[in-house]
Structures are given as C-alpha cells and as structure tokens.
Amino acid sequence: MNEKIARVKKALEKNNITVFYAESKNDIADIVKEIVPQGALVSCGGSVTLNDSGVMELLKSGYYQFLDRSAKGVDPDEIYRKTFSCDAFFTSANAVTEDGVLYNVDGRSNRVAATCYGPKEIVFIIGANKIVEDMAGAVKRVKTVAAPLNAKRLGLDTPCAKLGKCCVENGGIGTGCSSANRICINFVATAFQRQKDKIKVILCKDNMGY
C-alpha cells in the first residue's frame, strides 16, 4: 500500500467509513464476496469502474439477485425505486480526497440518491486515479476528467464532450453550463458516516474508470 492510499484509508476510517484494500483490481471481486453474501439483493449506479474491476461481471453472474436497469424489458425507473430497499448498492466515486471525503456529481441522480439514503449498505470501488488532495481538486477532477469523458461515452451533446473539459473550468461547482444535456446536476460530498459499516470502500492501487 503506497503512502497516498494509506493516508486516504486512515482518513476515511476516521470518518467512520469501513475500508478494504485491493493490491490489484483482480482481487476486488473476491473482496466483494467477503463483504456481501451470496444471494443478496443488489443494484448499482452507472460506473466504468465496476466494469474495469470485474464487479459488474460478478453482479450479472447469478451470484447475487441483481436489479439490472439495463436488462431487456425492464422499466429503469422501477429499478431505481427498488434500489432504495436493496441489500447493497455498488458504485464508484468521481473523486476521494486525502482527508476522506467522497465526491460525486450526477445527472439523473439515481446514483447519488442511493448513496445518501435507502440501501442497507453502499460499496464504493475506487482506483488510485480518483485520489485528489482536497475538495478543490475533486471539483477540478470532475470538470477536467470525469464529466467530459462520461459525457462523451454517453454520446451527449455537451460543451465538455467537445472541449474535453468543462466550459466553465474555473467557475463554481454548478455554474455557467447552460447545456440541456449537462450531466453535472447534483453534487454530493460524503464527509462522514453516522451508521458504522453502512458505507464500505474498496481502495485499489490500480487505475480504474474516469
């Protein structure tokens, strides 16, 4: 475990968040199996990290009861509502600060909503590339990395998808962009967890996702 990850782990634990360390992304699925028992009702937010880590493959393998919003013939809105009563919700973070704050920006906001309330436990999968020094760094990372790449991946007609960075890079967290397709709508900083073991973070030294 390198020094930066060790600092983040210690800071998250100080904020009452349970942390697991994965030496490699290939270890993450096994850690997930230790955290969430077989047969649990699970769901997830949209996340490239879940694909990169092999967690999405595990969720779809039949090991869990998976509420899959992308499954053929399902109503995504119904899945979003059912997610609030699931056993475990899987996602990543757009950034994690060295003082232990998880930062997420969402468009439809089903992802950030589920991390705030509902599921019995939340499991964040986070690669070393998501670590930033502070909240200013977290905001900058979303504006220059996460939002542009996700908008491009989703085929959205936004300024950041074309420019490769936020059109108001130096502005506030939610100001300036007037695109009807913007994906930066709700901004959530998780700075503490009141209920012990509700939020779990798997930190990995590999880079994953945007």
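Helix H2 (residues 28-35) has a buried set made up of Ile-28, Ala-29, Ile-31, Val-32 and Ile-35. Look down the axis of H2 and these buried residues fall within an arc of 160°, so they line one face of the helix. The cover over them includes E1, helix H4 (55-59), strand E4 (88-91), strand E7 (121-127) and E10. Keep in mind that all of this comes from a predicted model.

Now for the open space. The largest pocket comes out at about 740 Å³. Its lining counts 37 residues, and the closest to the pocket centre are Gly-46, Ser-47, Arg-69, Arg-153 and Leu-154. Elements that give two or more residues to this lining are strand E2 (41-44), helix H3 (48-52), strand E6 (102-106), helix H6 (110-116) and helix H7 (135-153). Which of the elements gives the most to the lining? That would be H7, with 5 residues. Sorted by class, the lining splits into 15 nonpolar, 13 polar and 9 charged residues.

Last, a couple of backbone oddities: Asn-16 has a positive phi although it is not a glycine, and Asp-197, also a residue other than glycine, has a positive phi too. Here they are side by side.

| Residue | Phi | Loop between | Relative accessibility |
|---|---|---|---|
| Asn-16 | about 70° | helix H1 (3-14) and strand E1 (18-22) | 18% |
| Asp-197 | near 75° | strand E9 (186-190) and strand E10 (199-204) | 35% |

Buried or exposed, where does Asn-16 fall? Its 18% is under the 20% cut-off, so Asn-16 counts as buried. Asp-197, at 35%, counts as partly exposed.

Technical notes. Residues numbered from 1 in each chain as written. Predicted model: local features only at pLDDT ≥ 70, side-chain atom pairs only at ≥ 80, totals over all residues. Heavy atoms only, no water. Helix = DSSP H or I, 4+ residues; strand = E, 2+ residues; numbered from the N terminus. Buried < 20%, exposed > 50% of the residue type's maximum accessible area, 1.4 Å probe, protein only. Arc of directions from axis to C-beta. Contact = heavy atoms within 4.5 Å. 1 Å grid on protein atoms, 1.4 Å probe; cavity = no way out; pocket = protein on both sides within 12 Å on 5 of 7 lines; lining within 4 Å. Points joined across faces, edges and corners; volume = space filled by probe spheres on them. Nonpolar A, V, L, I, M, F, W, Y, C, P; charged D, E, K, R; others polar.
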